[in-house]
Amino acid sequence: MPITVVHHPLYVAPAPARSQYQWNKNGLVRDLLRASGEALEWHEPELMPRDWIEAVHDPDYVAEVIESRVPREKERRIGFPITPEVAARALAVPGGTYAAAKIAQRRGFAANTAGGSHHALHATGAGFCVFNDLAIAAHRLAEEGERVLIVDCDVHQGDGTAALTAGRTDIATYSIHAEKNFPVRKARSTLDVALPDGVDDAGYMDALTASLPGLVDAFEPTILLYQAGVDPWEGDRLGRLGLSREGLVERDRWIAGLARRHGLPIASALGGGYGLDAMEVSARHVASILALGAVLTERP
């Protein structure tokens with residue numbers, strides 16, 4: 001069975017001035033997937049309806065983004081200016097994560113080639129995140145009757161996701177991250193696993209396998225949204241952990257296996273990955289998608 005990949009042309013936006021974010025990453029992920037030789041099925045999502053975004057984010061902030069008039073102090077917190085192209089991308093990305101979830105309900109797995117914007121808060125973006133696609137998609141899925149577990153394996157805590165879903169009984173959040181990394185002030189996830197600097201493959205997997213299954217059993221989700229950040233890699237420019245490339249793949253295959261054993265559909269989003277070589281960063285993301293797909297598209 002082919003791996004379903006969700007991609008929108010708007011993901012590849014021109015880089016705004018004064019931005020350190022790698023705007024070509026999503027296009028490179030698409031190109032590397034096409035060149036991988038794997039069986040893929042491509043899906044172009046619809047843009048996220050404005051009222052679905054406003055169910056999670058302050059409508060005034062949503063208007064600032066859509067109209068490209070975000071105040072400078074918020075742009076500084078996000079990390080780049082909000083141009084019309086960036087605003088259009090911000091509407092497409094949560095649409096892609098939601099579309100991946102809906103496809104996963106039918107097919108077992110789908111991967112968004114963007115997203116994982118877990119730092120965006122109610123009235124502002126932060127940390128290269130404009131709108132929180134994970135929280136927006138989770139909110140919509142919960143309104144449709146699902147019990148949503150957001151599994152966040154980015155090296156940075158999913159503070160925005162935790163804050164935007166706090167108090168809901170039909171959404172749970174799990175974050176395994178570097179304790180001393182951004183953000184300085186952490187939010188409270190349903191379950192946080194804070195790791196010391198330099199944790200290696202074995203230490204990471206010990207912490208993950210000791211903590212996540214219990215939450216799955218206790219919460220009894222009907223779908224997983226997976227923030228598959230690749231910045232726990234030992235060479236990542238913004239990471240503080242010590243995972244090898246093989247360790248990242250092991251992590252993804254284990255999470256895929258956990259979902260499969262529980263019969264849970266899983267939709268993945270890229271999450272973080274940083275370095276001076278955009279091709280290298282994109283290759284890490286592609287390895288993640290293919291590792292998930294290798295487990296979740298196998299026939300029983």
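User: Hi! Where is Lys74 found?
Analyst: Lys74 belongs to helix H4, which covers residues 72–78. Keep in mind that this is a predicted model.

User: Is Lys74 buried or exposed?
Analyst: Buried: Lys74 has a relative accessibility of 19%, and the cut-off for buried is under 20%.

User: And what does Lys74 touch?
Analyst: Leaving aside residues up to four places away in sequence, Lys74 touches Tyr61, Glu64, Ala123 and Thr124. With Ala123 there is also a polar atom pair: a polar atom of the Lys74 side chain lies 2.9 Å from the backbone oxygen of Ala123.

User: Let's switch to aromatics. How many aromatic pairs does a search of the whole structure find?
Analyst: Five aromatic pairs turn up in that search. One of them is Trp52 with Tyr98, an edge-to-face pair with 5.2 Å centre to centre and 75° between the planes.

User: Which parts of the chain does that pair link?
Analyst: Distant ones: Trp52 sits in helix H2 (residues 50–54) and Tyr98 in helix H5 (residues 84–107), 46 residues apart. Tyr98 is buried, at 14% relative accessibility.

User: You mentioned Tyr61 earlier. Why is the pair of Tyr61 and Phe131 edge-to-face?
Analyst: Because the planes of the two rings are at 85°, and over 60 degrees counts as edge-to-face. The ring centres of Tyr61 and Phe131 are 5.7 Å apart.

User: Where do those two sit in the chain?
Analyst: Tyr61 is in helix H3 (residues 59–66), while Phe131 is in the loop between strand E3 (109–112) and helix H6 (133–143). They are 70 residues apart, so this pair too links distant parts of the chain. Both Tyr61 and Phe131 are buried.

User: Which residues do ring pairs link into a cluster?
Analyst: That cluster is made of Trp23, Phe80, Phe128 and Tyr274.

User: What about charges over rings, say Arg34 and Arg245? Which ring does each one lie over?
Analyst: Arg34 lies over the face of Trp42, 5.3 Å from the ring centre. For Arg245, the charged end sits over the ring of Trp233, at 4.2 Å from its centre.

User: New topic: how many disulfides are found in the whole structure?
Analyst: Zero. For Cys129, the nearest cysteine sulfur is that of Cys153, 16 Å away, and a disulfide needs the sulfur atoms within 2.5 Å.

User: Are Cys129 and Cys153 buried or exposed?
Analyst: Cys129 is buried, with a relative accessible area of 5%. Cys153 is buried as well, at 0% relative accessibility.

Notes: Residues are numbered from 1 along each chain as its sequence is written. This is a predicted model: local features need pLDDT of at least 70, side-chain atom pairs count only at pLDDT 80 or more; totals for chains, interfaces and linings use all residues. Side-chain values use heavy atoms; hydrogens and water are left out. Rings of Phe, Tyr and Trp (its six-membered ring) pair if their centres lie within 6.5 Å; planes under 30 degrees apart count as stacked, over 60 as edge-to-face and the rest as tilted. Helices (H or I, at least four residues) and strands (E, at least two) are DSSP runs, numbered from the N terminus. Buried means under 20% relative accessible area, exposed over 50%, partly exposed in between (1.4 Å probe, protein chains only). A charge sits over a ring if NZ of Lys or CZ of Arg is within 6 Å of the ring centre and within 35 degrees of the ring normal. A polar contact is a pair of N or O atoms within 3.5 Å; within protein, one must be able to donate a hydrogen and the other to accept it, and residues adjacent in sequence count only if both atoms are side-chain atoms. Contact means heavy atoms within 4.5 Å.
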